[in-house]
Structure formats: C-alpha cells, structure tokens
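Open the model in your viewer and show it as a cartoon. Keep the selection box at hand. We will go stop by stop.

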Amino acid sequence: MLSLDRFSLLQRIKHWTIGKKILVGNLLLLIVPLLLIFAFLLHYTFNRINKTIEEGMTAAGTAIVDMIKLSVETSITNYLRAVAEKNLQIAASYHQKQLQGELSEANAKEAVLALFKTQGIGSFGYIYVLDSNGVPQYHPRRELVGLPLLKMEQFNKAWPFLTDQVKKKNGYLEYTWKNPDEQEFRPKALYMTYFQPWDWIISACSYREEFARIIDFQAIDKMIQTFRYGKTGYAVITDEQGHILAHPQRLEAQNNPYASRIHQRITADTSNSHRLIHYKWRNPDDTHERNKVMIFKKMPELGLVIAVTAFEDEV
C-alpha cells in the first residue's frame, strides 16, 4: 500500500508545472535550513537553561558551604577557646596560692600540670605548654619537654606554627601535622592563651576531623531553615554514612527510600569540588516522581557533605 501511495505521489509530481516545481523546491530550500536553525536554537536553549541552573545552584551551594564552614570554624574555635581559657584559670588560681605562700612556684606548677594531664580533647587532642622561646614546658610526649624545638632541624616541620605561637601567644591557629608513625599530614587546630607570670603559652589542640562530633548542628539547622532556592529548594547536610544532620524535614527525608539512592551516588563521586547531579524524587504526599537537581560538596576533613537541592521545574 505504501509503495502504491509513493508511486501515486511521484506520478502527481511529474504532472506539476515547472513553476509549481520551482516553488516547492524553493520552499524546501527555505524550510530545511529553518528547521536546522530551529533545532540548533532548541539545543542551545536547553544547554543554556541547564548551564543557568548549574551556575545558580553552584553559587547557592558555594554560599551555603561557606556559611557552614564559618559555623564549623566558630564551633571549633569556641570549643578550643573554652578549654584553653579554663586551663588559664586553673593556672591563675594556683599562682594565687603561690603568691599567698600556700605553695612554692614549683609545687604550684606541678599541681597545674597534673590537672592538664587528666584532660583529653576528642580521641587524639591534648593540652601542651610552651614558653616564649618555643620550648615545651609540658607535653604528653615527655621527651619533648625542655627541648629548644625552634633550633633543632629535625623539628623544622613544626617551626611555622611554633613561630606563630611564640609571636601571637593568644588566639586560634590552623595547621597540618603528621606524627612520626603516620603516613599523611592532617589538618589540626589549636587555641592558645598566655599566662604571663609563668611565661606559659597554654594550648588546646586536636585534629579537625574530630570536631564533627562537637559541631552545634541544631544551631546550623535553624540557620539553614531560612534558606530557599527557587520555590521550595533547600540546603541539607549529611555525614559520610548518609545520616541527615540538617534538613527542613529531617525525619521524613531520612526515612524516604530515595535518600539512600542519592547517598550512593554521592559516595561514588570521589571529587571534593562542587558537583551537580540530576535525580528522581517523590515526597510522601506526592502522587508521582519529579526531577530534582542537587549541587553538593564534600568536606572530608570533617566527614560532611553539604548540598543544595531543588525541583528542576522550580528553578
């Protein structure tokens, strides 16, 4: 039947006048380029829309990551400062006993250091004390006590932050460190206070990765509640195991079966830069799946993933 129709069409075209054939030929020459231009514009428009979505999501995600980082750093700083200042008060109280004649300076210092030894910060953090020359007056590694570290070449990796400590004596520092039995450098943080009567720089330090346990996620959760991207887009924070730590509807999202699928995709991505993914999602009260887009960034030093997500038809 199809071949008969084609034959019939060809017969009709043969009987067209030359003018009609020229007109149809010209129309085809005009329509085909227009269709190609339309296809190109459609492809370009979709690419631009996707790029605009990605740029917007990246900007929003970057802003959220920066905000979370600031909150994390504030939590870390406040925690370490509280530990350092508490120990400054301990030193001051025993110095007062020294001044009142209740204790000799040596006994007062010994009593303070005994209290320092009982304290830990996370699993690997500790208190240590330097003087203004960078010489440890107390350290969990006893072999370091009394050594002029800033003059010993084998400790040159510690010179930058020790020099900062000697110079500043008070405040917050971040640095990287590797113990002799470790393979890689890891980020550390410390807060120091200066007790001038004994020339003690009292320092509280720990690896930054341990501070995920002391971050005030309730405060951060309240903060990100105010954030919206598009109509209903929002920010979310999870740990590396996929547990949701901050989310506008945290319990509902954690129990949603779609959440584990997204976590698998995030886990499979080994990059620590901003990444964009598209995925399917359905809220409990929805009747069908909808397309969503997410920009996320991993913070491996804290074991966190920060993301911004929204429905594609709302951005």
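Two strands count as paired if DSSP finds at least two bridges between them. Keep that rule in mind, and remember that this is a predicted model.

**Stop 1: the whole chain**

Select everything. The protein chain has 315 residues, and 39% of them count as buried. It contains 7 helices and 10 strands. Now switch on the surface. The accessible area is about 18700 Å², with 57% of it belonging to carbon and sulfur atoms. Take contacts between residues at least 6 apart in sequence: 51% of them join residues at least 24 apart.

**Stop 2: an open sheet**

Which order do the strands of the open sheet follow? Read across and you get S2-S1-S5-S4-S3, 5 strands with antiparallel pairing. At the edges sit S2 (136–138) and S3, each pairing on one side only. Look along the sheet to see the twist, which averages 35 degrees from one strand to the next.

Select 126–130 and 200–207. These are strands S1 and S5, an antiparallel pair with 5 bridges. Click on Leu-130: its bridge partner in S5 is Ile-201.

**Stop 3: helices on the sheet**

Select 105–117. This is helix H3, lying across S1, S2 and S5. Helix H3 runs at about 10 degrees to S5. Next, select 159–168 for helix H4, which packs on the sheet and touches S1, S3, S4 and S5. The direction of H4 makes about 170 degrees with that of S3.

Stay on H4 and pick Gln-165, which lies in this helix. Is Gln-165 buried or exposed? The cut-off for buried is under 20% relative accessible area. Gln-165 has 0% relative accessibility, so it counts as buried. Show what surrounds Gln-165. Beyond its neighbours within four places in sequence, Gln-165 is in contact with Tyr-128, Leu-130, Leu-173, Leu-190, Met-192, Ile-201 and Ser-203.

**Stop 4: an edge strand**

Select 171–177, strand S3, and turn on side chains. In a regular strand, side chains alternate between the two faces of the sheet. Here, Gly-171, Leu-173, Tyr-175 and Trp-177 point to one face and are buried. Tyr-172, Glu-174 and Thr-176 point to the other face and are not buried.

Add 186–195, which is strand S4. S3 and S4 pair in the antiparallel sense over 7 bridges. Find Leu-173 again: opposite it in S4 stands Leu-190. Both leucines were on the contact list of Gln-165.

**Stop 5: the largest pocket**

How much space lies in the largest pocket? About 490 Å³. The pocket is lined by 25 residues, and the closest to its centre are Tyr-126, Arg-141, Leu-144, Trp-177 and Asn-179. Select those five as sticks. S1, H4 and S3 are the elements that give two or more residues to the lining. S1 gives the most, with 3 residues.

**Stop 6: a cavity**

Move on to the later part of the chain. The structure holds 1 cavity of 30 Å³ or more. The largest cavity has a volume of about 260 Å³. Of its 20 lining residues, select the ones closest to the centre: Val-236, Thr-238, Ile-244, Ile-262 and Met-294. Then colour the elements that give two or more residues to this lining: strand S6 (234–239), helix H7 (257–268), strand S8 (275–281), strand S9 (290–299) and strand S10 (304–311).

Terms used. Residues are numbered from 1 along each chain as its sequence is written. This is a predicted model: local features need pLDDT of at least 70, side-chain atom pairs count only at pLDDT 80 or more; totals for chains, interfaces and linings use all residues. Side-chain values use heavy atoms; hydrogens and water are left out. Buried means under 20% relative accessible area, exposed over 50%, partly exposed in between (1.4 Å probe, protein chains only). Helices (H or I, at least four residues) and strands (E, at least two) are DSSP runs, numbered from the N terminus. Axes are lines fitted to C-alpha atoms, for helices over the stretch in contact, and angles run from 0 to 180 degrees between N-to-C directions. Contact means heavy atoms within 4.5 Å. Accessible areas come from the Shrake-Rupley method with a 1.4 Å probe; for residues, only the protein chains shown count as cover. On a 1 Å grid over the protein atoms alone, a cavity is a set of points where a 1.4 Å probe fits but cannot get out, and a pocket is an open set with protein on both sides within 12 Å along at least five of seven lines; lining residues have an atom within 4 Å of a point. Grid points are joined across faces, edges and corners, and a volume is the space filled by probe spheres set on the points.
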